[in-house]
Amino acid sequence: MSIKFKVYSTPKPNSRSGAKLTHARAISRGTYDLKRVCDLISERSAVSSAEVKSVLDSFAWVIELALEDGCHVELDDLGYFSPSLKTVPSKKDADKNTAYVDGINYRCSTSLRKKLRQIDLELVKEKKKPGDWSTRKTELVKYMERWESITPRTYAEAFGCSRYRANLDLQRFVEEGVLAKVGYRNKVMYLLAADETGGCNNK
């Protein structure tokens, strides 16, 4: 298991000189909803999924009760919960502000942070923009001379396009006699056509 992420560059404010600031941003694979959480806890314990849901409902109620009482909530292996306040200028009096509860602050526990830091990270590189047809054809032949075969998935990864575009390109290469298609359904691959190798190598 790993967390995928991308790295983004942020220009310095006010056109300041120096290297650009960079920051990593995690890419979500999806969301664990309440049902999945309950099912996972139920599988790990002797408690039914319905009982887990009841406990989680009560847990949310306790947090709300504690915050309404002006208290914070601390759970040893999970973290620390506190109210998040927001202040806005008063519409009636410019010298006064209005404050209200805008949400909940969460601070990760030390033990959970240590566990999270052991998770593997996987950098997702930006896909390069595919060139024109002539460029893609030349790059494809070079790729095939090295790897001998290609699939829609590996084509999409190598040339920075979608699987849909990869299938269209590969079909066109077959029609032009550049590639030969072998296999069936989900086991299809493409080989460099014998009569194309010599022609491209002479360019």
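Let's start with how the chain folds back on itself: of its contacts (heavy atoms within 4.5 Å) with a separation of 6 or more, 37% are between residues 24 or more positions apart. Bear in mind that this is a predicted model, where local features need pLDDT of at least 70 and side-chain atom pairs count only at pLDDT 80 or more, while totals for chains, interfaces and linings use all residues. Residues are numbered from 1 along each chain as its sequence is written, and side-chain values use heavy atoms, with hydrogens and water left out.

The secondary structure adds up to seven helices and nine strands; these are DSSP runs numbered from the N terminus, with helices being H or I of at least four residues and strands E of at least two. Out of 203 residues, 20% are buried, where buried means under 20% relative accessible area, exposed means over 50%, and partly exposed is in between, using a 1.4 Å probe and protein chains only. The chain exposes about 15,900 Å², with carbon and sulfur atoms supplying 52% of that; the areas come from the Shrake-Rupley method with a 1.4 Å probe, and for residues only the protein chains shown count as cover.

Now for the inside. In soluble globular proteins, nonpolar side chains tend to be buried together. Here a nonpolar core is a set of buried Ala, Val, Leu, Ile, Met, Phe, Trp, Tyr and Cys residues joined through side-chain atoms within 4.5 Å. The largest one has 18 residues, and Leu-140, Met-144, Ile-150, Tyr-155, Phe-173, Val-178 and Leu-179 have the most contacts inside it. At least two residues each come from α4 (133-147), α5 (152-159), α6 (163-175) and β9 (189-192), with α4 giving the most, five residues. Take Phe-173: leaving aside neighbours within four places in sequence, it is in contact with Trp-133, Arg-136, Lys-137, Leu-140, Tyr-155, Val-178 and Leu-179. There is also a second, separate core of five residues, including Ile-63, Leu-67, Val-73 and Phe-81.

Helix α5 deserves a stop of its own. Its buried residues are Pro-152, Thr-154, Tyr-155, Ala-156 and Phe-159, and they pack against α4, β7 (149-150), α6 and β9. Just after this helix, Gly-160 takes a positive phi of about 65°. Most residues other than glycine have a negative phi. Glu-148, though, is a residue other than glycine with a positive phi, near 75°. You'll find Glu-148 in the loop between α4 and β7, and it counts as exposed because its relative accessible area is 59%.

Next, try His-72, in the loop between α2 (49-68) and β3 (73-75). Its relative accessibility is 42%, so His-72 counts as partly exposed. Setting aside residues up to four places away in sequence, His-72 touches Tyr-80, Phe-81, Ser-82 and Pro-83. Its C-alpha atom is 9.9 Å from that of Asn-105, which sits 33 residues away along the chain. Tyr-80 turns up again among the contacts of Arg-107, along with Leu-78 and Gly-79, once neighbours within four places are left aside. Arg-107 belongs to strand β5 (residues 97-108), and its C-alpha is 5.5 Å from that of Gly-79, although 28 residues separate the two in sequence.

Over in helix α1 you'll meet Cys-38, which counts as buried because its relative accessibility is 3%. Not counting neighbours within four places in sequence, Cys-38 contacts Ser-49, Val-52, Lys-53 and Leu-56. The C-alpha atoms of Cys-38 and Val-52 are 5.6 Å apart, with the residues 14 apart in sequence.

Helix α1 also leads to the last stop, the largest pocket: α1 (34-44), β1 (2-10) and β2 (21-27) each supply at least two residues of its lining. The largest pocket holds about 640 Å³ of space. Of its 14 lining residues, Met-1, Ile-3, Tyr-32, Leu-40 and Ile-119 are the closest to the centre. On a 1 Å grid over the protein atoms alone, a pocket is an open set of points where a 1.4 Å probe fits, with protein on both sides within 12 Å along at least five of seven lines, and lining residues have an atom within 4 Å of a point. Points are joined across faces, edges and corners, and the volume is the space filled by probe spheres set on them. By class, the lining has eight nonpolar, three polar and three charged residues; Ala, Val, Leu, Ile, Met, Phe, Trp, Tyr, Cys and Pro count as nonpolar, Asp, Glu, Lys and Arg as charged, and the others, Gly among them, as polar.
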